[in-house]
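Colleague: Could you walk me through reading burial and surface features in a model? Let's start with a helix.

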Amino acid sequence: MRNLFPGHFKHSEETVKEDWNSFEFILDTSILLNIYRYSDSTQKEFLGLLDKIKDRTWLPYRVVEEYLDNRLKVIGEQEGSYDKILSDIESLKQKLHNNRQHPFASKSAMDTIENAFEKLSNEFNTNKETYTKRVNDDDIKNQFLSMYNEKVGVNFPQEQLVAIFSEGESRYEALVPPGYKDAKKSGREGSIESSLNKYGDLIIWKEIIKRSTETENGIIFITDDKKEDWWQIFNGKTLGPRPELIKEFEDITKNRIHIYQADRFLELARTNLGEEVSHKIVDEIREALKNTSSKEDLLYLERNNKNKYDEENEAETVKRINLINRELESLTYKLSQLKSARELAISNRQGIEEVLNKSINEQVFNSDTERDEWIKRANDIKLNLAGDDQMKYQTEEELIMHKISHLKNLKNRLESNILIIRP
């Protein structure tokens, strides 16, 4: 029965302990991003544990891509939380300083409060500065680089991603985990970015399966994604990973997989790896997980805003390209007209030259001097005609051709911008 329905039965403590000492650890994007949300002491302890298992840790390509795309957003959120509390302190100070109405406080009490406020504000500003510095010099990102620089998977080829998108469409329609809760994620329809957002969880899942198959080893996957397309939830309580995921993984890889959220991972690290993990860090991470938005909110709120911004920019860029196309059509037509006029002028000039040459040959001159003067006047007329044609048409043609070249270059740059906006 266990072989047919592996996701519905727990493994023995002995099996779990054995797996923990030989399986490969894989971290989800939410784990990497949530570290920024922890206190300094919890960050240090959690990163210390991850460092101890780094030789048996591997990161999917899509996890790293999502982490790098959203790192600054999470840093900004933490900066914003300090800005808010500092603003709240200042607001409360202003209310307490209003001594003309209730509530009233004695001077000694106010002095005590002022000192407390000042100490709090200084500490909050110091903590905020830590996150501000991380924008350009991120100690956490640098530690990830040190631990996982050679431990990241390779991106799927384009044709394989397209196949995953196609499979994801049918899976999501049938509510097959993981990722179907992301089915309604917004984005530019048909764009690669939109598909990556929508099928990101499925891509990560496919990478995990591929990794286990290649290494012929089991996996311990750690994620703070709380949605029902990863977890079996009953009456609001998370019972464990979705049984369908366990079965799919074992059917394909012939290996086992364990899936945990961060707090449970830390508890089991204490039990199975003999690591010293404080109850305080487990409690803080558990509380943070309750207060943290789902992965959908973590990773895609800003992207949705970016998509809207990009769509507006693309629409404006397309308008400019259409205007340029119309102007190019007008200039191209004008250039062709000028060329026709120049060719006609050249033809007329050649006709006049023929008449002049004929008159020179047929004219009866009284002397050689008279003949030379006539030839000189005819040549002057020819030169004037050639010069007029050359200056009149060549200058205007060059100006138009220069403008056409400028507009084409501008059009190419605008079209390149659309390709950047729409990968």
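Colleague: Which residues of helix H1 are buried?

Modeller: Buried means under 20% relative accessible area, exposed over 50%, partly exposed in between, with a 1.4 Å probe and protein chains only. Helices are DSSP runs of H or I with at least four residues, strands are E runs with at least two, and both are numbered from the N terminus. In H1 (residues 13-20), Val16, Asp19 and Trp20 are the buried ones. They sit on the same side of H1, because they cover an arc of only 100 degrees around the axis, taken from the directions from the helix axis to the C-beta atoms. Glu14 and Glu18, on the other side, are exposed.

Colleague: Why do residues three or four places apart point the same way?

Modeller: An α-helix has 3.6 residues a turn, so that spacing brings them round to the same direction.

Colleague: And what covers the buried residues of H1?

Modeller: Count a contact when heavy atoms are within 4.5 Å. The cover includes strands S1 (24-27), S3 (219-222) and S6 (257-260), plus helix H11 (262-272).

Colleague: Is Ser195 buried or exposed?

Modeller: Ser195 counts as buried because its relative accessibility is 15%. Ser195 belongs to helix H8 (residues 192-198) and touches Phe165 and Gly200, leaving out residues up to four places away in sequence.

Colleague: What about Phe9?

Modeller: Phe9 lies in the segment before H1 and counts as partly exposed because its relative accessibility is 31%.

Colleague: Any caveats?

Modeller: This is a predicted model, where local features need pLDDT of at least 70 and side-chain atom pairs count only at pLDDT 80 or more, while totals for chains, interfaces and linings use all residues. Residues are numbered from 1 along each chain as its sequence is written, and side-chain values use heavy atoms, leaving out hydrogens and water.
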